[in-house]
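Me: I have a model open and would like to go through its strands and helices with you. Could you take my questions in turn?

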Amino acid sequence: MLITSRANPTVKKLVSLAEKKFRREYGEYVVEGIKSVNECIAAGCKVTAIYCTQEYSEKFEGATLLSDGVFSYVSNEKSPQGVLATVKIPRIPLAPPKDCCLLLDRIQDPGNLGTIIRTANAAGYQQIYAVNCADAYSPKVVRSSMSGIFFVNLYDCTLDEALEALGDVPVITADMGGEDIFSFRAPDKFCLCIGNEGGGVCERIKELSRHTVRIPMRPTCESLNAGVSAAIAMYALKNNKI
């Protein structure tokens, strides 16, 4: 069966998943692109349906077919590849970190959040405690994470819940008032905290932090964005353990 109408209930649902309230209602999010869909399946994510244009019908057996026009209508990409999947949003019970982890304090830019998730997966920070952050399952975050979101445990939680899960794991906060991150020796297990793009880390986290580190910069540069800062800090701290 080929869906050719924008008024089709399935099409309406796919379009609605671009909004947070409908992602919450259905408990699903959208993954787009051949590579991303294949990696999502390989990661063992709960794919509820696959949709594609006729061009890819042989590569994705059992997929629901959409006309080119309808696919472009439901897609969140500027240049759609012709393949997307709906995936169950994982409900992972909050748990203490098994290794080095991240605490994200009010990261609001979807691009930054996606970049941080992507780098966390690459650098081996598998557990991420997200406190009042942008929706991690929005199309832009999923796209920016470059499949990283399939391979990390992401906890959408309050600060109290995050701190309870962290227990006595030392928190290392990235802040301009800290010591040089490249000469700092990190403990074997730690939680790196990255703060809000405009306001930095909240006072409560600053007070609870065991250590504060900064990325040295030339006087001509005021700051780096949260995604870049997080990436540098993640690798620097892991490379400079005690």
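The questions and answers below deal with a predicted model.

Me: What is the strand order of the open sheet of 6 strands?
Reply: Happy to start there! The pairing in this open sheet is parallel. Strand 8 (153-157) and strand 11 (211-214) stand at the edges with a single partner strand each, so one side of each has no neighbour in the sheet. Reading across the 6 strands, the order is 8-7-6-10-9-11.

Me: Which residue in strand 7 stands opposite Leu 103?
Reply: Strand 6 (residues 101-105) and strand 7 (residues 127-131) run parallel and are joined by 4 bridges. Opposite Leu 103, in strand 7, you will find Tyr 129.

Me: What angle does the direction of helix 5 make with that of strand 6?
Reply: Helix 5 (residues 110-123) packs on the sheet, where it touches strand 6, strand 7 and strand 8. Angles here run from 0 to 180 degrees between N-to-C directions. For helix 5 and strand 6, the value is about 175°.

Me: How many of the 6 residues of strand 5 are buried?
Reply: Let's look at its partners. Strand 2 (residues 28-32) pairs with strand 5 in the antiparallel sense over 5 bridges, with Val 30 opposite Thr 86. Strand 3 (residues 47-52) also pairs with strand 5 in the antiparallel sense, over 5 bridges, and there Cys 52 has Val 83 as its bridge partner. Strand 5 (residues 83-88) is largely enclosed by the rest of the structure, because the number of its residues that are buried is 5 of the 6.

Terms used. Residues numbered from 1 in each chain as written. Predicted model: local features only at pLDDT ≥ 70, side-chain atom pairs only at ≥ 80, totals over all residues. Heavy atoms only, no water. Pairing = 2+ DSSP bridges. Helix = DSSP H or I, 4+ residues; strand = E, 2+ residues; numbered from the N terminus. Contact = heavy atoms within 4.5 Å. Buried < 20%, exposed > 50% of the residue type's maximum accessible area, 1.4 Å probe, protein only.
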